[in-house]
Amino acid sequence: MMRRCVMLLIVTGVLSGCAAMGAPTCGAGGQPELVAELVFGRNIGDKLGVSEADWNRFLDEEVTPRFPDGLTVLGGSGQWRDTERGTIVQEPSKVLVVVLGDEARDKPRISEIASAYKQRFQQQGVLTMLRPACVSF
């Protein structure tokens with residue numbers, strides 16, 4: 001009986017912790033929001049194919065119209081396994097960070113941006129991460 005009680009407490013604690021990860025408790029001035037981070041590789045084939053001008057045009061045409069209230073772009077450098085060739089590829093990247101103010105409206109916009117980038121620049125994928133965060137401006 002004691003063993004069952006202990007197991008129940010452990011399971012309850014783990015499930016409570018998982019639930020808490022979904023919606024953070026924010027301190028004064030912060031509010032829970034969903035944040036999207038997208039990582040865009042800039043190589044096409046084995047060479048830099050997405051120039052700064054190409055990226056800025058993509059940002060102006062595809063990203064800004066979907067998120068006119070604000071976003072952040074960071075420069076990065078990453079690596080990934082090319083599934084077609086089985087090799088490790090290192091390349092410069094752009095990281096887009098967007099707070100999704102309306103999840104139902106904005107999540108599809110994130111997918112549209114990733115799809116547009118893959119099509120425009122012949123990319124295998126765009127890394128997309130969604131995470132809960134405490135946000136204040």
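Reader: Which residues form one aromatic cluster with W55 and F58?

Author: F40, Y117 and F121 join W55 and F58 in that cluster. Keep in mind that this is a predicted model.

Reader: How many aromatic pairs are there?

Author: The count comes to eight aromatic pairs. One of them is W55 with F58, a tilted pair with 5.9 Å from centre to centre and 35° between the planes.

Reader: Where do W55 and F58 lie?

Author: Both are in helix α2, three residues apart, which is about one turn of the helix.

Reader: Buried or exposed, W55 first?

Author: W55 counts as buried, because its relative accessibility is 1% and the cut-off for buried is under 20%.

Reader: And F58, buried or exposed?

Author: F58 is buried too, with a relative accessible area of 0%.

Reader: Which other residues of α2 are buried?

Author: Helix α2 runs over residues 52–63, and D54, L59, E62 and V63 are buried in it along with W55 and F58. They sit on the same side of α2, because they cover an arc of only 140° around the axis.

Reader: What covers the buried residues of α2?

Author: The cover includes three strands, β1 (31–41), β4 (72–82) and β5 (87–100), and the helix α3 (103–120).

Reader: Back up a bit. How many helices and strands are in the protein?

Author: Three helices and six strands. Along the sequence they come in the pattern α-β-β-β-α-β-β-α-β.

Reader: How much of the protein is buried?

Author: Of the 137 residues, 29% are buried. The exposed surface is about 9,000 Å², with 57% of it supplied by carbon and sulfur atoms.

Reader: What about contacts, how many join residues at least 24 apart?

Author: 70%, taken among contacts between residues at least 6 apart in sequence.

Reader: Change of topic. Where is R42?

Author: R42 is in the loop between β1 and β2 (43–44).

Reader: Buried or exposed?

Author: R42 counts as buried, because its relative accessibility is 8%.

Reader: What does R42 touch?

Author: Leaving out residues up to four places away in sequence, R42 touches K47, L48, G49, V50, S51, E52, E91, P92, S93, K94 and Y117. Y117 also belongs to the aromatic cluster with W55 and F58.

Reader: Which backbone oxygen does the R42 side chain reach?

Author: That of V50, at 2.9 Å.

Reader: Which residue forms a salt bridge with R42?

Author: E52 does, and the closest N and O atoms are 3.3 Å apart. This pair links distant parts of the chain, with R42 in the loop between β1 and β2 and E52 in helix α2, ten residues apart. E52 counts as partly exposed, at 40% relative accessibility.

Reader: What else does E52 meet in a salt bridge?

Author: The side chain of K94, at 3.1 Å from N to O. Here E52 in helix α2 is linked to K94 in strand β5, 42 residues apart. K94 is buried, with a relative accessible area of 10%.

Reader: How many salt bridges does the structure hold?

Author: It holds 13 salt bridges.

Reader: Which residue forms a salt bridge with D46?

Author: R85 does, with the closest N and O atoms 2.9 Å apart. D46 is in the loop between β2 and β3 (47–48) and R85 is in the loop between β4 and β5, so the pair links distant parts of the chain, 39 residues apart.

Reader: D46, buried or exposed?

Author: D46 is exposed, with a relative accessible area of 59%. R85 is partly exposed, at 45%.

Reader: Which residues do salt bridges that share partners join into one network?

Author: E61, E62, R66, E112 and R120. E62 is also one of the buried residues of α2.

Reader: Last one: what is phi of Q122?

Author: Near 50°, a positive value in a residue other than glycine. Q122 is in the loop between α3 and β6 (127–135).

Reader: Is Q122 buried or exposed?

Author: Q122 counts as exposed, because its relative accessibility is 55% and the cut-off for exposed is over 50%.

Key. Residues numbered from 1 in each chain as written. Predicted model: local features only at pLDDT ≥ 70, side-chain atom pairs only at ≥ 80, totals over all residues. Heavy atoms only, no water. Buried < 20%, exposed > 50% of the residue type's maximum accessible area, 1.4 Å probe, protein only. Helix = DSSP H or I, 4+ residues; strand = E, 2+ residues; numbered from the N terminus. Arc of directions from axis to C-beta. Contact = heavy atoms within 4.5 Å. Phe/Tyr/Trp six-rings, centres within 6.5 Å; stacked < 30°, edge-to-face > 60°. Areas by Shrake-Rupley, 256 points an atom, 1.4 Å probe, with all protein chains shown as cover. Polar contact = N/O pair within 3.5 Å; in protein donor to acceptor, adjacent residues only side chain to side chain. Salt bridge = Lys/Arg side-chain N within 4 Å of Asp/Glu carboxyl O.
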